[in-house]
Amino acid sequence: MSADAVKYRGHCLCGQIALEVEGAPLRACYCHCKNCRTWHAAPLNAVAVWPSAAVRIAQGEELLAHFAHAASDRHWCTNCGSGLFNRLRDDLIAVYAAVVVDSGFVHEAACHIHCDEAVLDLHDDVPKYTGWRDSALMPEPRRTGMRGR
Ligand SMILES: [Zn+2]
Ligand SMILES: [Zn+2]
């Protein structure tokens with residue numbers, strides 16, 4: 001990490017693990033896949049992907065555990081259970097954007113992905129793909145099990 005690049009920092013719920021990311025993410029999106037939804041117990045997952053070299057555990061690394069399942073390798077705090085990131089590949093880490101957003105990171109999502117698995121109705125102008133980015137666009141409106149008005 002260089003001294004002058006912008007850095008964002010976040011903590012798990014108990015505060016014992018601190019995570020730091022440097023620079024702008026390679027991409028940011030909202031993922032609606034069942035893997036994300038089940039692990040987070042949330043209707044969607046906001047992720048921002050950085051090169052692994054730009055992500056650093058600044059504190060509490062000994063408390064970090066992980067669970068690999070399908071294409072995911074999710075890391076969390078063994079003391080409080082907070083999810084922190086998903087190691088996509090050796091060189092790519094998807095940080096859960098909510099972890100760093102309080103430090104000034106702005107999650108400018110380029111798209112929603114895996115919308116064919118969505119359980120939450122979405123009403124925004126962000127492109128919605130059925131699968132990964134650049135798959136087919138999801139026809140709208142989509143009516144799901146969790147909806148606003
Ligand atoms: Zn914790
Ligand atoms: Zn997902």
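## Exercises on a predicted chain

His 114 sits in the segment that follows strand 10 (111–113). Keep that residue in mind as you work through this predicted model.

**Exercise 1.** Decide whether His 114 is buried or exposed, and find what is notable about its phi.

*Solution.* Start with the neighbour count: His 114 has 24 C-beta neighbours inside 10 Å. The cut-off for a buried residue is 20 or more, so His 114 counts as buried. Now turn to the backbone: phi of His 114 is near 55°, which is a positive value in a residue other than glycine.

**Exercise 2.** Do the same for Ala 41, and say where it lies.

*Solution.* First, locate Ala 41: it is in the loop between helix 1 (34–40) and strand 4. Next, look at phi, which is near 50° for Ala 41, again a positive value in a non-glycine residue. Last, count neighbours: Ala 41 has 7 C-beta neighbours inside 10 Å, and the residue therefore counts as exposed.

**Exercise 3.** Find which residues have the most contacts inside the largest nonpolar core, and which elements supply it.

*Solution.* The largest nonpolar core holds 34 residues, and those with the most contacts inside it are Cys 31, Val 47, Leu 84, Val 95, Tyr 96 and Ala 97. Elements giving two or more residues to this core include strand 3 (27–31), strand 4 (45–51), strand 8 (83–89) and helix 2 (97–100). Then take Cys 31 as a sample: beyond its neighbours within four places in sequence, its contacts include Leu 44, Val 47, Ile 113 and our starting residue, His 114. As background, nonpolar side chains tend to be buried together in soluble globular proteins.

**Exercise 4.** Describe the surroundings of Gly 23.

*Solution.* Begin with its place, the loop between strand 2 and strand 3. Gly 23 has 15 other C-beta atoms within 10 Å, so it is partly exposed. Leaving aside neighbours within four places in sequence, Gly 23 is in contact with Ala 5, Val 6 and Ala 54. Finally, compare sequence with space: Gly 23 and Val 55 are 32 residues apart in sequence, and their C-alpha atoms are 9.6 Å apart.

**Exercise 5.** Work out how the whole chain is built and how its radius of gyration compares with the globule rule.

*Solution.* Read the elements from the N terminus: β-β-β-α-β-β-β-β-β-β-α-β. That comes to 2 helices and 10 strands. The radius of gyration is 16 Å, close to the 15 Å given by the globule rule for 149 residues, so the chain is as compact as a globular protein of that length. To finish, 32% of the 149 residues count as buried.

Note on methods
Residues are numbered from 1 along each chain as its sequence is written. Chains are lettered from A and ligands numbered from 1 in the order in which they are written. This is a predicted model: local features need pLDDT of at least 70, side-chain atom pairs count only at pLDDT 80 or more; totals for chains, interfaces and linings use all residues. A nonpolar core is a set of buried Ala, Val, Leu, Ile, Met, Phe, Trp, Tyr and Cys residues joined through C-beta atoms within 7 Å. A residue is buried if 20 or more other C-beta atoms lie within 10 Å of its own, exposed if 12 or fewer, and partly exposed in between; C-beta atoms are placed from the backbone. Helices (H or I, at least four residues) and strands (E, at least two) are DSSP runs, numbered from the N terminus. Two residues are in contact if their C-beta atoms, placed from the backbone, lie within 7 Å. The radius of gyration is taken over C-alpha atoms; the globule rule is 2.2 Å times the number of residues to the power 0.38.
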